[in-house]
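Reader: Could you walk me through this structure, a piece at a time? I will interrupt with questions as we go.

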Amino acid sequence: MCGIVGYLGKKNTKQILLDGLKELEYRGYDSAGIAVLQNGNFSNYKAVGKLINLEEKTKDFITEGFAIGIGHTRWATHGKPTELNAHPHLGEFSYVVHNGIIENYAELKKELQSSGVTFLSQTDTEVIVHLFEKNQKNSTNSLEAFARTIKELHGAYAILLVTKSESDTIFFAKHGSPMLVGINGEDEKYFASSDTPLIGHCQNVNYFEDGDYGYVTPKTVAIYDKNGVKKEAKFTSLSQNKLSAQKEGYRFFMEKEIYEQSVVISDTLMGRLSDKEIIFDELDATLFDGINEIKLCACGTSYHAAMSASYLFERYSKIRTSLEIASEFRYREPIMSKDTLFVVISQSGETADTLETLKMAKAAGLKTLVICNVDNSSMVRLADATILTRAGIEKGVASTKAFATQVTVFWMLSLYIAKLKNSLGESQLAKHISLLREIPSHVKVKDDMHERIKRLSKRYLHGHGFFFIGRDIFYPLALEGALKLKEISYMHAEGYPAGEMKHGPIALADPELFTIALLPKHLHYEKTKSNVEELSARDSTICAISQIPFDKADDFIEISPCSDYMLEFFEMMTVVQLLSLEISIRLGNDVDMPRNLAKSVTVE
Ligand code: F6R
């Protein structure tokens, strides 16, 4: 997830920018850069990897006296994590940093290129600075040029721009991505995309609203609304607690990460969907040549994502798919044949058991692919091919947004293979692509839904156990719901295929057995419903999650209308995550650091 900082004042500008970027490190990034305008000259430094690389590059760069500067940490989405793609981006005499997505960048880029502009990066951001410089030529002043530029951008952004002709000014704009400005009594201005870089520097901050744009100088903060009408800044005092600032108002990182799912899934999809096909620039289509089977291997939550993939691959890609728990696979002397594509799934890319299976597959001469959230991790370095999930850094030990992006990638990959193998017709493919575009709105947490889950959670703090049940792809979701609950509530929970309950587990049914039933309208509804009725008849307490009201349930959580079972999957995923969160909070547990668990399991 990208981060922005900016500074205008007489203190050590370089250090303030680097320190600010350090405060944003927790969000995750793969490259960073700064640009400083001092005494009429620009200095610009960029580095791939950790901030220490940028610090090394800037160690002889000194800033003294008045200067203006902007900085950025980038989590690659459009274009690889290279120095050229790192921000700030340069025009002829201006620099820009940007968080978010410029949706119409391709059209704007084409126009600018046809008027002779040369682009250096693969990013959407670079269009902003070239467009500004073009507008500057036909405007009476830089503010007018900046306002015209903003008007031409579609999408989400937080932007800082500095230009040589305005050596005491930073221009800003915000729409859909967060940004604030802080002031103190020393004619300084601080910008950032979240509170933490400003803590200790400013007591008073103004949070920009969508549509705001304007500029700051030592004496001024000029803000205009989306209609170009000047408005007053609304300064509020800034909390000085860094940990709570990182949580951005949420009680726990896990809660913040559940709320982030909509944005990170948009990032996962970005640049990968056309109307007719899935685009994975990172894959060579020959990867699938001679492949007759896919073997998926992972641990924990990533294993549940893999299991979801196994349903999608067989259903849409029509390719035989098998599934392995990494810790089992490594010791069971498995048969590996070269017509198998070996796919490992890992949020961290470091899980010891999964990494070992990847080494085994490579040693056996299999083609390998990793679905991973961390670029440059051990698995990414080892595998033949990588698809990054783009979930941003995940701090809560219980995985949420990483899982959401893994399943999103798998849905896309199933369609990508379906296209290669001609196993889905064009109209089916187009239908799926438009459904994929709907995921972000279905995982957005609605206030009334969250409130309802909060209220309901108080009925589920005791009992002798939980069964999460579902059929088909809702079975791995049931497993994942149960894992979430046991990880953070320490209550016993199991995921079960709904149709299997009568083969034994139903013996446990009584009012103190809680059944969380996943009842999708668009996949085996009647069959799953009868399984739930069997449990209800034996007096198990039922909490049903569905878009169809269910009168045999003690509690009912209604999801939004969905036109496809995969959208129901994502809606229900959010519900089971929130349910675990609220139960755990009521029990007084440390949601982000549950007992006995670690974020990255690098030992066997
Ligand atoms: C559960 C969870 C774990 C991980 C597992 C594998 O919330 O996070 O089950 O999924 O330890 O980790 P990765 O995905 O990093 O390989």
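Author: Let me begin with Thr405, which is buried, with a relative accessible area of 0%; buried stands for under 20% relative accessible area, exposed for over 50%, and partly exposed for what lies in between, with a 1.4 Å probe and protein chains only. Please keep in mind that this is a predicted model, in which local features need pLDDT of at least 70 and side-chain atom pairs count only at pLDDT 80 or more, while totals for chains, interfaces and linings use all residues. Residues are numbered from 1 along each chain as its sequence is written, and side-chain values use heavy atoms, with hydrogens and water left out.

Reader: Where is Thr405 placed, and what does its side chain reach?

Author: Thr405 is in helix α13, residues 401-421, where helices (H or I, at least four residues) and strands (E, at least two) are DSSP runs numbered from the N terminus. Its side chain reaches the backbone oxygen of Ala402 at 2.9 Å.

Reader: Switching to the ligand, which residues come nearest?

Author: Ser302, Ser346, Gln347, Ser348 and Thr351 come nearest, out of 14 residues around the ligand; a residue is taken as near when one of its heavy atoms lies within 4 Å.

Reader: What polar atoms lie by the ligand oxygens, say from Ser346 or Ser399?

Author: For Ser346, an N or O atom of the side chain is 2.6 Å from an oxygen atom of the ligand, and for Ser399 a backbone N or O atom lies 2.8 Å from a ligand oxygen. Thr301 has a polar backbone atom at 3.1 Å from an oxygen atom of the ligand. The ligand has 410 Å² of accessible area on its own, and the protein covers 89% of that; these areas come from the Shrake-Rupley method with a 1.4 Å probe, and for residues only the protein chains shown count as cover.

Reader: Which elements give two or more residues to that shell, and why does the ligand lie between two domains?

Author: The elements are α9 (300-317) and α16 (474-489), and α9 has the largest share, three residues. Domain 2 (250-443) and domain 3 (445-604) both give residues to the shell, so the ligand lies between them; the domain bounds come from an automatic or database domain assignment.

Reader: And how do the residues of the shell divide by type?

Author: Four are nonpolar, eight are polar and two are charged. In this scheme Ala, Val, Leu, Ile, Met, Phe, Trp, Tyr, Cys and Pro count as nonpolar, Asp, Glu, Lys and Arg as charged, and the others, Gly among them, as polar.

Reader: OK, new topic: how many salt bridges does the structure hold?

Author: It holds 30 salt bridges, each being a side-chain nitrogen of Lys or Arg within 4 Å of a carboxyl oxygen of Asp or Glu. One of them joins the side chains of Asp210 and Lys174, at 2.6 Å from N to O. That pair links distant parts of the chain, 36 residues apart, with Asp210 in the loop between β11 (204-207) and β12 (213-216) and Lys174 in strand β8 (residues 170-175).

Reader: Is Lys174 buried or exposed, and what about Asp210?

Author: Lys174 counts as buried because its relative accessibility is 10%, whereas Asp210, at 45%, counts as partly exposed.

Reader: Which residues are linked with Asp212 in a network of salt bridges?

Author: The network links Glu209, Asp212, Lys231 and Lys234. Within it, Lys231 forms a salt bridge with Asp212, their closest N and O atoms being 2.8 Å apart. Lys231 lies in strand β14 (residues 230-231) and Asp212 in the loop between β11 and β12, so this pair ties together parts 19 residues apart in sequence. Asp212 is buried, with a relative accessible area of 3%, while Lys231, at 24% relative accessibility, counts as partly exposed.

Reader: What salt bridge does Arg459 make?

Author: Arg459 meets Asp555, side chain to side chain, at 3.3 Å from N to O. Arg459 is in the loop between α15 (447-456) and β21 (465-470) and Asp555 in strand β25 (residues 555-558), so the pair ties together parts 96 residues apart in sequence.

Reader: Last one: where is the cis peptide bond?

Author: The bond from His87 to Pro88 is cis, with omega near -5 degrees, and Pro88 lies in the loop between β4 (67-74) and β5 (89-90).

Technical notes
Polar contact = N/O pair within 3.5 Å; in protein donor to acceptor, adjacent residues only side chain to side chain.
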